[in-house]
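Colleague: I am new to reading protein models. Could you take me through this one, step by step?

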Amino acid sequence: MRRWLRPFAALLALVAAPVALADALVDNVNGVALDTEGRVVRFTGILIDREGKVTRLLREGEKRPARPDWRTDMKGRFVMPGMIDAHGHVMGLGFQAGSLDLSGTASLEEAKAKIVAYAAANPNRPWIIGRGWNQERWGLGRFPTAADLDAIVPGRPVWLERVDGHAGWANSAAMKAAGITLRTAAPNGGRIEKDAKGQPTGIFVDAASQLIDDKVPAPTPRERNQAFLDAQRILLSNGITATADMGTSVDDWLTYRRMGDQGLLRVRIMAYSAGIEPALRVGGNGPTPWLYADRLRMGGIKLYVDGALGSRGALLKAPYADAPGQQGLAITSDTQLRNLMSRGTMDGFQIAIHAIGDRANAGVLDAIEELAGSYPGDRRWRIEHAQIVDPADLPRFGRHGTIASMQPVHQTSDRTMAEARLGEGRLGGAYAWKSMLGVGSRLAFGSDYPVEHPNPFVGWAAAFTRQDEKGEPIGGWRAEEAVTREQAWRAFSIDAAYAAFAETRFGTLAPGLRADFIVVDRDPVTADAAALRQLQVLETWVGGEQVWKRGDPVMDSAGAAAR
């Protein structure tokens with residue numbers, strides 16, 4: 001047995017021991033959770049059965065079982081349910097961890113310096129691959145160009161994905177490898193940025209990115225395994241015990257299955273197929289069953305209607321305030337959207353649709369209203385992001401069980417850009433969390449990692465303050481759309497599970513649900529926003545099994561140990 005797996009095996013052996021009065025007791029905790037009504041409950045112990053499910057939360061003074069199979073003393077530390085990210089990209093997070101990361105760069109020059117250093121440190125890589133650049137953060141006033149890259153890495157292809165994943169930046173070598181010329185036309189739903197002479201500048205938006213992506217060498221299965229383990233370690237270390245994986249490919253699914261078969265799958269993954277075809281290849285005629293003790297299921301399909309604000313691909317009802325000739329990109333037409341939704345829904349898959357601009361959100365709401373009569377029942381239609389909504393369309397989110405799957409950190413990261421892209425008069429339905437709840441929609445919160453950092457406590461704080469890590473703006477940006485601390489927590493837990501039809505399996509600590517919990521260094525309910533952002537996860541437990549511990553040389557570097 002691999003040395004680094006022995007702690008997990010030992011713990012599993014204890015869990016599988018014969019039953020006495022209770023299988024496991026996690027005792028002496030300062031516990032806090034939400035009940036199904038969204039109320040805060042306190043407890044001092046957790047009873048867990050052999051299947052890794054909670055049988056009872058014990059309050060102070062309640063009698064403990066005399067002979068549990070195993071008992072751990074938390075010594076009064078704070079314990080809470082594991083957090084759930086309702087919208088992330090697991091493999092994207094893992095690949096970013098092992099490639100060139102430009103997300104922290106504050107200027108084009110800083111980004112160029114990192115690119116040069118990475119290229120020098122990786123001379124044998126045929127392509128320089130990375131992501132995370134953001135011309136808005138750089139204050140550049142324009143997109144970067146191929147010429148910027150040619151000046152520093154002229155010989156090897158360079159392909160760098162924008163922070164939001166909706167645009168790519170290529171050098172001339174990459175464009176040559178992809179056969180891009182003056183005559184190359186952008187595909188439907190995409191845009192190739194060109195100069196005054198019609199020459200491609202090196203920026204490919206939305207569907208046009210595929211022109212370069214198709215030429216990038218595909219990662220090997222071993223590289224995929226490592227990327228997954230890196231992503232899993234990052235998620236667990238941030239207290240995330242379950243995540244929706246938005247845009248799962250067949251190769252992604254095979255990676256998760258390999259990890260599950262080898263006993264290395266710890267985090268719970270609610271997979272949403274990247275379009276119709278992977279769902280049908282994986283699920284056949286419907287969603288897969290839950291696998292590996294509720295750690296993996298493909299139950300939904302992810303579709304796209306538009307792009308992102310940062311690359312002006314979000315589809316708007318009126319032109320961009322800072323680019324009057326543009327209204328965004330329709331990645332999927334209204335007719336195509338209805339056909340795809342019908343195709344997935346008739347086989348029982350849940351539909352999750354990316355929509356950022358107000359025109360895109362209106363189009364998705366139109367499609368839901370049209371199809372809801374043909375496909376009755378509990379469908380839980382999901383609209384991913386729902387960032388810019390015409391106030392006149394907000395009430396429609398309260399119909400047909402529609403779920404608003406939103407990311408609080410996008411509001412704090414994008415607020416100044418949103419003001420520039422739209423103008424003050426069109427922000428009435430921007431990042432409108434409280435309004436969504438007010439009209440009867442259900443919120444599911446996430447981070448959209450690796451677009452943003454997956455730390456859920458940063459998103460939680462942003463949700464009830466509408467402020468960034470510097471406490472800006474004072475009083476909060478459009479503070480009338482803030483939700484309460486408890487509402488935000490629910491959106492990162494109970495309702496994030498509900499949004500994926502998983503609420504009967506996990507989502508909080510309650511009898512019958514999986515014992516997914518984290519040990520943290522402070523009380524998340526009483527900490528102010530600044531302190532909540534700084535909260536540290538000390539341990540992560542999934543299904544009653546400790547799967548990550550801060551400072552542990554094995555668990556805190558499991559991804560590296562598997563190399």
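The questions below go from confidence to cores, a cavity and some single residues.

Colleague: This is a predicted model. What is the mean pLDDT of the chain?

Modeller: pLDDT is the predictor's confidence in each residue, from 0 to 100. In this chain, 95% of the residues reach 70 or more. The mean pLDDT of the chain is 93.

Colleague: Which stretches have pLDDT below 50, or under 50?

Modeller: Where pLDDT is low, the predicted coordinates should not be read in detail. One such stretch has 36 contacts in the model beyond near neighbours in sequence. Another has 14 contacts beyond four places in sequence. The stretches are residues 1-21 and residues 558-563.

Colleague: Now the inside. Which residues touch the most other members of the largest nonpolar core?

Modeller: In soluble globular proteins, nonpolar side chains tend to be buried together. Here the largest nonpolar core has 95 residues. The ones that touch the most other members are Met 341, Phe 445 and Trp 460.

Colleague: Which helix gives the most to this core?

Modeller: The core in question is the largest nonpolar one, with 95 residues. One helix, spanning residues 221-237, supplies 7 residues to this core. That helix is H8.

Colleague: How many residues does the second, separate core have?

Modeller: This core is separate from the largest one. Its members include Ala 119, Val 153, Leu 160 and Leu 329. The number of residues is 20.

Colleague: What does Phe 445 touch, not counting residues up to four places away in sequence?

Modeller: Phe 445 is one of the residues with the most contacts to other members of the largest core. Leave out residues up to four places away in sequence, and the partners still come from several parts of the list. They are Ile 84, Asp 85, Ala 86, Met 406, Pro 408, Trp 433, Ala 463, Val 483, Ala 488, Ala 491, Phe 492 and Ala 496.

Colleague: On to empty space. What is the volume of the second largest cavity?

Modeller: The structure holds 5 cavities of 30 Å³ or more. The second largest has a volume of about 50 Å³.

Colleague: How does the lining of the second largest cavity divide into nonpolar, polar and charged?

Modeller: The lining includes Met 270, Trp 290, Arg 297, Gly 299 and Phe 501. Strand E14 (268-274) and strand E15 (296-304) each supply at least two residues. The lining divides into 6 nonpolar, 3 polar and 1 charged.

Colleague: Which peptide bond is cis, with omega near 5°?

Modeller: The proline of this bond is Pro 450, in the loop between strand E19 (442-445) and helix H15 (456-465). The cis bond runs from Tyr 449 to Pro 450.

Colleague: And which is cis with omega near -10°?

Modeller: Look in the loop between H15 and helix H16 (485-491), where Pro 473 is found. The cis bond runs from Glu 472 to Pro 473.

Colleague: Is Arg 466 buried or exposed?

Modeller: Arg 466 sits in the loop between H15 and H16. Its phi is positive, about 55°, although it is not a glycine. The relative accessible area of Arg 466 is 0%, and buried means under 20%, so Arg 466 is buried.

Colleague: What about Asp 294, buried or exposed?

Modeller: Asp 294 lies in the loop between helix H10 (276-283) and E15. Its phi is near 65°, a positive value in a residue other than glycine. Because its relative accessibility is 7%, Asp 294 counts as buried.

Colleague: Is Ala 120 buried or exposed?

Modeller: Ala 120 is in helix H3 (residues 108-121). Its relative accessibility is 60%, and the cut-off for exposed is over 50%, so Ala 120 counts as exposed.

Colleague: Why does Lys 215 count as partly exposed?

Modeller: Lys 215 lies in the loop between helix H7 (210-213) and H8. It touches Trp 127, Ala 177 and Ala 178, not counting residues up to four places away in sequence. Partly exposed is the range between under 20% and over 50%. Lys 215 counts as partly exposed because its relative accessibility is 45%.

Colleague: How far apart are the C-alpha atoms of Leu 535 and Asp 523?

Modeller: Leu 535 lies in the loop between helix H18 (529-533) and strand E21 (537-542). It is buried, with a relative accessible area of 6%. Leu 535 and Asp 523 are 12 residues apart along the chain. Their C-alpha atoms are separated by 8.7 Å.

Methods:
Residues are numbered from 1 along each chain as its sequence is written. This is a predicted model: local features need pLDDT of at least 70, side-chain atom pairs count only at pLDDT 80 or more; totals for chains, interfaces and linings use all residues. Side-chain values use heavy atoms; hydrogens and water are left out. Helices (H or I, at least four residues) and strands (E, at least two) are DSSP runs, numbered from the N terminus. Buried means under 20% relative accessible area, exposed over 50%, partly exposed in between (1.4 Å probe, protein chains only). On a 1 Å grid over the protein atoms alone, a cavity is a set of points where a 1.4 Å probe fits but cannot get out, and a pocket is an open set with protein on both sides within 12 Å along at least five of seven lines; lining residues have an atom within 4 Å of a point. Grid points are joined across faces, edges and corners, and a volume is the space filled by probe spheres set on the points. Ala, Val, Leu, Ile, Met, Phe, Trp, Tyr, Cys and Pro count as nonpolar, Asp, Glu, Lys and Arg as charged, and the others, Gly among them, as polar. A nonpolar core is a set of buried Ala, Val, Leu, Ile, Met, Phe, Trp, Tyr and Cys residues joined through side-chain atoms within 4.5 Å. Contact means heavy atoms within 4.5 Å.
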